[in-house]
Amino acid sequence: MVRTTVFKQFCKANDKLEERIECLKKELENNPENISKLKELAIIYHFVKEDEKAIEIYKKLVKLVPDEADMLAFLGYLYYETDNLDEAIECLNEALDIDSSAAFVFFLLGNAYSRAGQIREAVDAYDFAIFLDLDMYKAHLDFALKYEEMGRYKKALKEYIAAYEIDSRDLKIKNKIDELEAQIK
């Protein structure tokens with residue numbers, strides 16, 4: 001799944017991302033089904049806020065490796081990010097059909113259901129995530145850090161607020177919320 005460390009690597013090499021995109025495209029001309037190159041290209045596209053391109057690549061990846069839950073889960077995540085909630089819910093459920101022990105996918109599914117206004121389904125998905133020992137507080141913080149590193153400050157703020165609502169004892173999170181609110185204004 002999405003890992004903040006992957007995005008940290010891109011932050012450090014941000015000035016060379018266009019160069020890397022072109023390199024990957026050329027490499028894929030010779031081997032258009034290279035799974036690792038396709039994944040890397042899709043992640044870079046997501047990082048540079050070209051989610052539609054990332055989605056097209058992940059659709060191809062899902063066709064190449066249809067029984068891999070992570071592929072479907074990441075495609076669901078990308079749909080979630082672009083507010084294609086029906087597609088997100090479908091992909092995340094398909095991923096869970098393959099691997100029903102993926103707590104983080106239940107968390108994402110809960111988020112998608114919640115955003116779609118399907119509250120009962122959202123609560124059920126969150127319950128499964130918690131049952132599988134997902135730390136909801138940490139999940140929100142991980143998302144907040146990822147969004148912040150990508151320059152998506154409004155989304156980062158929402159995730160920090162969600163984490164703070166779970167546990168308001170962490171003053172660093174409150175300070176981060178105040179900082180982002182000031183930065184966004």
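The legends below describe several close-up views of a predicted model.

**View 1. A patch of negative charge on the surface, with Glu87 as one of its members.** Asp86, Glu87, Glu90, Glu94 and Asp97 gather here on the surface, where together they form a patch of negative charge. Glu87 belongs to helix H6, which covers residues 85-98. The relative accessible area of Glu87 is 34%, and this residue is therefore described as partly exposed, a term for values that lie between the 20% limit for buried and the 50% limit for exposed.

**View 2. A salt bridge between Lys53 and Glu50.** In the model as a whole, the count of salt bridges comes to 16, and this view shows the one in which the side chains of Lys53 and Glu50 meet, with a distance of 2.8 Å from N to O. Both partners can be described by how much of their area is accessible: Lys53 counts as partly exposed at 41% relative accessibility, and Glu50 counts as partly exposed at 26%.

**View 3. A salt bridge within helix H4, between Lys59 and Glu56.** The closest N and O atoms of Lys59 and Glu56 are 3.3 Å apart, and the two residues form a salt bridge. Because Lys59 and Glu56 are 3 residues apart in helix H4, which runs through residues 51-64, about one helical turn separates them. Lys59 is partly exposed, with a relative accessible area of 34%, while Glu56, at 45% relative accessibility, also counts as partly exposed.

**View 4. A salt bridge between Glu81 and Lys155.** Here the closest N and O atoms of Glu81 and Lys155 lie 3.1 Å apart. This pair links distant parts of the chain, since Glu81 sits in helix H5 (residues 69-81) and Lys155 in helix H10 (residues 153-166), with their positions 74 residues apart in the sequence. The two partners fall into separate accessibility classes: Glu81 counts as buried at 6% relative accessibility, whereas Lys155 is partly exposed, with a relative accessible area of 26%. Elsewhere, salt bridges that share partners join Arg20, Glu27, Lys37 and Glu40 into one network.

**View 5. The surroundings of Asp51 in helix H4.** Asp51 has a relative accessible area of 10%, and this residue is therefore classed as buried, a term that applies under 20%. When residues up to four places away in sequence are not counted, Asp51 touches Tyr45, His46, Leu78, Glu81, Thr82 and Arg152. One of these contacts, Glu81, is the residue that forms a salt bridge with Lys155 in the previous view.

**View 6. Leu41 in helix H3 and the residues that touch it.** Leu41 lies in helix H3, which covers residues 35-47, and at 5% relative accessibility this leucine counts as buried. Leaving aside residues up to four places away in sequence, Leu41 touches Ile21, Leu24, Lys25, Leu28 and Ile57. Tyr80 is 39 residues from Leu41 along the chain, and the C-alpha atoms of these two residues are separated by 19 Å.

**View 7. Leu108, a buried residue of helix H7.** Leu108 is found in helix H7, which spans residues 103-115, and with 1% relative accessibility this residue counts as buried. Ala73 is 35 residues away from Leu108 along the chain, and the C-alpha atoms of Leu108 and Ala73 are separated by 8.6 Å.

Technical notes
Residues numbered from 1 in each chain as written. Predicted model: local features only at pLDDT ≥ 70, side-chain atom pairs only at ≥ 80, totals over all residues. Heavy atoms only, no water. Patch = residues over 30% accessible without salt bridge, like charges linked within 9 Å, V, L, I, M, F, W, Y side chains within 5 Å. Areas by Shrake-Rupley, 256 points an atom, 1.4 Å probe, with all protein chains shown as cover. Salt bridge = Lys/Arg side-chain N within 4 Å of Asp/Glu carboxyl O. Lys, Arg positive; Asp, Glu negative; His and termini not counted. Charge placed at Lys NZ, Arg CZ, Asp CG, Glu CD. Helix = DSSP H or I, 4+ residues; strand = E, 2+ residues; numbered from the N terminus. Buried < 20%, exposed > 50% of the residue type's maximum accessible area, 1.4 Å probe, protein only. Contact = heavy atoms within 4.5 Å.
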